[in-house]
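Visitor: Could you take me closely through one part of this model, the enclosed space inside it, and then carry on to the helix contacts and the backbone details elsewhere?

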Amino acid sequence: MDRQVIMLDHGWGLMQTGTTKLIKILEGDWVRAREAVIALINQEREGVQIDRALLKNVLAIFVEIGMGNMECYLNDFEAEFLSDTAGYYTRKASNWIQQDSCPEYMIKAEECLKREKDRVTHYLHSSTEEKLIEQVQEQLLSKVSQQLLEKEHSGCYALLREDKTEDLTRMYNLFSKIPKGLDPVSLMFKQHVTSEGIAMVNQAEEAANSRKENRSVSSGSQEQMFIRKVIDLHEKYMLYVTTCFAGHTLFHKALKEAFEVFCNKVIAGSSSAELLSNFSDNILKKGGSEKLDDDVIEDTLDKVVKLLAYISDKDLFAEFYRKKLARRLLFGTSANDDHERSILSKLKQQCGGQFTSKMEGMVTDLQLAKDNQSEFEEFQKINAHPGIDLTVTVLTTGFWPSYKSLDLNLPAEMAKCVEVFKEFYQTKTKHRKLTWQYSLGTCNVVGKFQKKPIELVVTTYQASLLLLFNSSDKLTYSEILSQLNLSDDDVVRLLHSLSCAKYKILAKEPNTKTISHKDSFMFNAEFTDKMRRIKVPLPPVDEKKKVIEDVDKDRRYAIDASIVRIMKSRKVLPYHQLLSECVEQLSRMFKPDFKIIKKRIEDLITRDYLERDKDNPNTFRYLA
């Protein structure tokens, strides 16, 4: 049948392949023509092969009748076709949603959409494609989205639990095409990641509690394991975001909000800021439990900095990290200087220059101290040598953590060294005051024991105590306390480390495991060890309380500065707006407490920075 024959007959024929039935419709009987076309399309949807070329010619008549106007095609065919399509896929969706799993349903929906696009290519007018696809998506996805996504054993939660990345990718591709289709998917993703994170926090809590009964795994090891698990979890789901979900902003936001929930939980009394700083310290120091290659360390440091973005108390991390960095730098326990500079660079990029300014100053101080020490050694060659090799690290107070300064009575040998260095330093500058931090010093002393001499690596305090026995065979607790001029707590720690711990350099009477004010001490000449050089550690001091106190004090200053800065620019502000702007400014570093902000406002009023409005006490005015 060709088109010329059709036109001469003032009608046209439609051949249904496989049935050889010819339907002849008189000119103007578009209803029957439309029904015949729709019937064939539905047969094709059910897998029956039809003559697509013939169908294309018939549909072309609907277009050509309009003489360049699509009204005939749109009104006489497309509107009814789309309505029939909606009914067809409503019935399909109703059956499939009951009998198929979520992945099976999505495969069918994906195939249907592909075939509908294929029909447009072969015989439907191109203007129909968008409306047709929208109709199919509406019936197969939009109307059943909640039921489909929440299928108990195969829905979105199940796919996430079972790591079905291919199905999740298909889910994203399908639901990204419908209005707000990704909202429930991203919400489920957020809830799933949150639940996994909370489960890890609970496991860490349980492990911490079990350590009270079973000490086979150290607290530090558990902390390292927890942070490592969090890093792995983040890496896993960030990969989901970038691959399965095409890096869509909704899923980045969902991942961020999920991690913010459990990354700010307190675990066994320790904040995530503290745990993350401890993990970093273990990576960066010599002898840490993480034995990693340089490339792996760099990659791990990247991941640590990414995790920091989710922690609200970034200032607390900074202070804990600065404490750890100070110990690594001062005691020479950094495994690699390049890694130290690398993580500072990453932190600076993530949190800004102010965040790392003190830390960078610490690293610079150490470099200057090396040059200073070289000059001091040259000075000693020209002037009198104190008789003891002395290395002094001069630090800038503003960069380093604050340390308790004790007025230790130095032994004569050490006091002479200090005087020589003071003399040298005065030749360099007369405008800087030296404050000696003996608590940070270390000494190498030789103990002349009966079996063999042993080099002891001790703190300055321990060395000062041991040197007392050069002139006395026996000393009481009170005599040691008086001669050292230290506090009771410090002397107890020192004596415990030297007489009750692993290395008993001093003998004690009575021979108990605790230190009493009535105890007496002697040099233990019979002490020996298989090593010729040993390090005698001091019992650790928990610095957490001091760090938190320092951070709280810094926060008060930061809140004051923020309030004054806001009020100086605005002059007059109501309380709630001032509170909102203050929180917004400070939230990059920590989450301020509303009650504390209120107290700081009251304090600024008493110091004449602000005043309450006379007519409205909830409005404040800036006082220049």
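Guide: The largest cavity in this predicted model has a volume of about 70 Å³, and a search of the whole structure finds 1 cavity of 30 Å³ or more. Its lining is formed by Phe226, Ile227, Val230, Phe262, Cys263, Ser272, Leu276, Leu307 and Ile311. Two elements give two or more residues to this lining, namely helix H11 (219–244) and helix H13 (272–284), and H11 supplies the largest share, 3 residues. Sorted by class, the residues around the largest cavity comprise 8 nonpolar and 1 polar, with no charged residues.

Turning from the cavity to helix packing, one may begin with H5, which takes part in two of the contacts described here. The axes of helix H5 (residues 102–122) and helix H6 (residues 129–140) come within 10 Å and cross at roughly 165 degrees. Since angles over 145 degrees count as roughly antiparallel, H5 and H6 are therefore roughly antiparallel to each other, and the crossing of H5 with H6 is right-handed. On the H5 side the residues that meet H6 are Tyr105, Ala109, Cys112, Leu113, Glu116, Lys117 and Val120, while H6 brings Glu129, Leu132, Ile133, Val136, Gln137, Gln139 and Leu140 to the contact. Taken by class, the residues of the contact between H5 and H6 are 9 nonpolar, 2 polar and 3 charged.

H5 also comes up against helix H9 (residues 165–175), where the two axes come within 10 Å and cross at roughly 45 degrees. H5 and H9 are therefore oblique to each other, and their crossing is left-handed. The residues in this contact are Cys102, Pro103, Met106, Ile107, Glu110 and Leu113 from H5, together with Asp167, Arg170, Met171 and Leu174 from H9. They divide into 7 nonpolar and 3 charged residues, with no polar ones. Leu113 of H5 appears in the contact with H9 and also in the contact with H6.

A further contact joins helix H15 (residues 314–330) and helix H22 (residues 544–570), which pack at an angle of about 135 degrees with their axes 10 Å apart. That angle makes H15 oblique to H22, and the crossing of H15 and H22 is right-handed. From H15 the contact draws on Asp315, Leu316, Glu319, Phe320 and Lys323, and from H22 on Lys544, Lys546, Val547, Ile548, Asp550, Val551 and Arg555. The class count for the contact of H15 with H22 is 5 nonpolar, no polar and 7 charged residues.

Two details of the backbone remain, both of them in loops. Asp163, which is not a glycine, nevertheless has a positive phi of about 55 degrees, and Asp163 is placed in the loop between helix H8 (156–161) and H9, the helix whose contact with H5 was described above. The other detail is a cis peptide bond between Glu509 and Pro510, with omega at about -5 degrees. Pro510 lies in the loop between strand S6 (506–509) and strand S7 (520–523).

Conventions
Residues numbered from 1 in each chain as written. Predicted model: local features only at pLDDT ≥ 70, side-chain atom pairs only at ≥ 80, totals over all residues. Heavy atoms only, no water. Axes fitted to C-alpha atoms, helices over the stretch in contact; angles between N-to-C directions. Helix = DSSP H or I, 4+ residues; strand = E, 2+ residues; numbered from the N terminus. Parallel < 35°, antiparallel > 145°, perpendicular 65-115°, else oblique. Left-handed = near helix turned anticlockwise from the far one by under 90°. Contact = heavy atoms within 4.5 Å. Nonpolar A, V, L, I, M, F, W, Y, C, P; charged D, E, K, R; others polar. 1 Å grid on protein atoms, 1.4 Å probe; cavity = no way out; pocket = protein on both sides within 12 Å on 5 of 7 lines; lining within 4 Å. Points joined across faces, edges and corners; volume = space filled by probe spheres on them.
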